Amino acid sequence: MAKIKKGDLVVVISGRDKGQQGRVLEVLVESQRVVVEGVQRVQKHVKAGQTARGTRTGGIETIEAPIHISNVMLVDPETKKGTRVGYRTEQVERDGRTRTVRVRVAKRSGKDI
């Protein structure tokens, strides 16, 4: 189970974009990488071609490249700083049944994420 999920606010802790924050757009589980909005932006040369709805203009596009998951850290909702992630199990009663649920917890403040 991944500790970082799509939509989480993360901060980059190493590399050329160290200190930048952004939302996770995509998690690539097989390669252990994440795509973060506004981080690791690279330029891609695109050839002009045809798409299903007409022609696509060519040129230079700027896209977000994947960054390794170990180089990002979840942002604590209370202190707004990077934090490690832990789990806590809770007993929740739904539809007359008791179920065990894992809840993500910020280790810095102890608050639920």
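Here are legends for a few views of this predicted model.

**View 1. The whole chain is built from strands.** There are 12 strands and zero helices; strands are DSSP runs of E with at least two residues, helices runs of H or I with at least four, numbered from the N terminus. The radius of gyration is 19 Å, well over the 13 Å that the globule rule gives for 113 residues, so the chain is more spread out than a compact globule. That radius is taken over C-alpha atoms, and the rule is 2.2 Å times the number of residues to the power 0.38.

**View 2. Arginine 16 pairs up with aspartate 17.** Their closest N and O atoms sit 3.8 Å apart, which makes a salt bridge (a side-chain nitrogen of Lys or Arg within 4 Å of a carboxyl oxygen of Asp or Glu). Arginine 16 is exposed at 59% relative accessible area, while aspartate 17 is buried at 11%. Buried means under 20%, exposed over 50%, and partly exposed in between, using a 1.4 Å probe and protein chains only.

**View 3. Glutamate 78 meets lysine 111.** Glutamate 78 lies in the loop between β9 and β10 and lysine 111 in the segment after β12, so this salt bridge ties together parts 33 residues apart in sequence.

**View 4. Arg88, Glu90 and Asp112 share one salt-bridge network.** Within this trio, glutamate 90 and arginine 88 come to 2.8 Å, N to O.

**Reading notes.** Residues are numbered from 1 along each chain as its sequence is written, and side-chain values use heavy atoms, leaving out hydrogens and water. Local features need pLDDT of at least 70, side-chain atom pairs count only at pLDDT 80 or more, and totals for chains, interfaces and linings use all residues.
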